Amino acid sequence: MSQEPQFDTQLLDSIKIVLCQTSHPGNIGATARAMKTMGLSRLVLVNPKDFPSEEASARSSGALDVLDSAVVVDTIEEALADCRLIIGTSSRNRALPWPLIEPREMGHIIREQTDARPVAIVFGRESTGLLNEELQLCHYHVNIPANPEYMSLNLAAAVQLIAYEARLASKVVSSQDVNVEQDYSNDDINDFDKESERLASFEEVDGLYNHLESTMKQTEFYNPEQPKLLPARIRRILAKAHLNKGEVNILRGFLSSMDKYLKRQMKGQ
């Protein structure tokens with residue numbers, strides 16, 4: 001007799017579904033239902049038009065616990081602050097190329113990058129999706145390969161597909177696959193600073209970006225009145241790098257030393 005499949009609940013619990021400026025409360029309820037069927041429970045709503053809502057509760061079809069625990073925030077930055085892996089959903093090509101993956105590949109990435117949690121999977125508005133500025137905050141863009149002749153995918157349906165792939169990724173092949181942690185007890189790495197090697201959160205990387213932008217303004221390398229694609233390219237560099245906390249600290253320390261040097265130069269004039 002075959003055994004029931006087991007799933008890594010810690011992986012599922014680490015995933016946030018983030019909806020940006022959802023217009024129709026029914027889609028929020030349907031999203032909650034889609035999430036609960038796949039074992040996801042962390043819903044974050046960025047500036048929804050109508051929530052809480054009776055329509056959302058009705059469309060949730062019993063997933064009221066997901067709605068009741070939903071977190072409502074004003075900005076996407078608040079939603080992503082503690083996340084170490086951010087995946088934005090995108091249905092069309094953008095002016096600036098970004099690492100583009102399909103849902104199955106997304107599942108593999110979430111499963112393999114055990115130090116990149118919490119994970120945020122971000123969905124945009126029903127009519128326009130995510131803005132370019134929002135997509136630039138993501139490490140990857142995930143694209144559902146729908147029929148190119150009819151790509152009109154409902155928000156909750158898109159969440160259902162992504163949530164299904166996340167659940168597949170959490171499926172346990174053997175008991176050894178759950179909660180496997182790298183062993184740093186070896187004598188050769190006793191001084192290993194595990195905290196500094198953790199992937200940086202969005203909040204930490206965003207702080208680095210803002211610091212870098214400020215320094216670039218001081219050196220006149222960056223003109224905010226004519227930004228062109230520079231901010232987006234810098235964001236892409238940081239997303240590709242997957243910086244850890246120690247690396248962020250090094251770069252911010254270097255920027256701080258530049259800031260001090262520039263101040264001394266100004267005083268000497």
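Which helix gives the largest share of the lining of the second largest pocket? A few notes on this predicted model, starting there.

1. The answer is helix 8, residues 155–169, which puts three residues into that lining. The pocket itself, the second largest, comes out at about 510 Å³. It has 25 lining residues, and the ones closest to its centre are Thr-89, Ser-91, Gly-129, Leu-153 and Ala-158. If you sort the lining by class, you get ten nonpolar, eleven polar and four charged residues.

2. Helix 8 turns up again in a packing pair, this time with helix 6 (residues 103–112): the two axes come within 8 Å and cross at roughly 45°. An angle between 35 and 65 degrees counts as oblique, so that is the label for helix 6 and helix 8. Their crossing is right-handed.

3. As for who touches whom in that pair, helix 6 brings Pro-103, Arg-104, Met-106, Gly-107 and Arg-111, while helix 8 answers with Ile-162, Tyr-164, Glu-165, Ala-166, Leu-168 and Ala-169. By class, this contact has seven nonpolar residues, one polar and three charged.

4. Now for the enclosed space. There is one cavity of 30 Å³ or more in the structure, and the largest cavity holds about 160 Å³. Its lining runs to 17 residues, with Leu-137, His-139, Val-205, Leu-238 and Ala-239 closest to the centre. Helix 10 (202–218) and helix 11 (230–241) are the elements that give two or more residues to this lining. In terms of class, the lining has ten nonpolar, four polar and three charged residues.

5. Those two helices also pack on each other. The axes of helix 10 and helix 11 come within 11 Å, crossing at roughly 140°. Angles over 145 would count as roughly antiparallel, so at this angle helix 10 and helix 11 are oblique to each other. Helix 10 passes helix 11 in a right-handed crossing.

6. On the helix 10 side, the contact uses Val-205, Asp-206, Leu-208, Tyr-209, Leu-212 and Met-216; on the helix 11 side, Pro-231, Ile-234, Arg-235 and Leu-238. The split is eight nonpolar and two charged residues, with no polar ones. Worth a look in the viewer: Val-205 and Leu-238 belong to this contact, and both are also listed among the residues closest to the centre of the largest cavity.

Key:
Residues numbered from 1 in each chain as written. Predicted model: local features only at pLDDT ≥ 70, side-chain atom pairs only at ≥ 80, totals over all residues. Heavy atoms only, no water. 1 Å grid on protein atoms, 1.4 Å probe; cavity = no way out; pocket = protein on both sides within 12 Å on 5 of 7 lines; lining within 4 Å. Points joined across faces, edges and corners; volume = space filled by probe spheres on them. Helix = DSSP H or I, 4+ residues; strand = E, 2+ residues; numbered from the N terminus. Nonpolar A, V, L, I, M, F, W, Y, C, P; charged D, E, K, R; others polar. Axes fitted to C-alpha atoms, helices over the stretch in contact; angles between N-to-C directions. Parallel < 35°, antiparallel > 145°, perpendicular 65-115°, else oblique. Left-handed = near helix turned anticlockwise from the far one by under 90°. Contact = heavy atoms within 4.5 Å.
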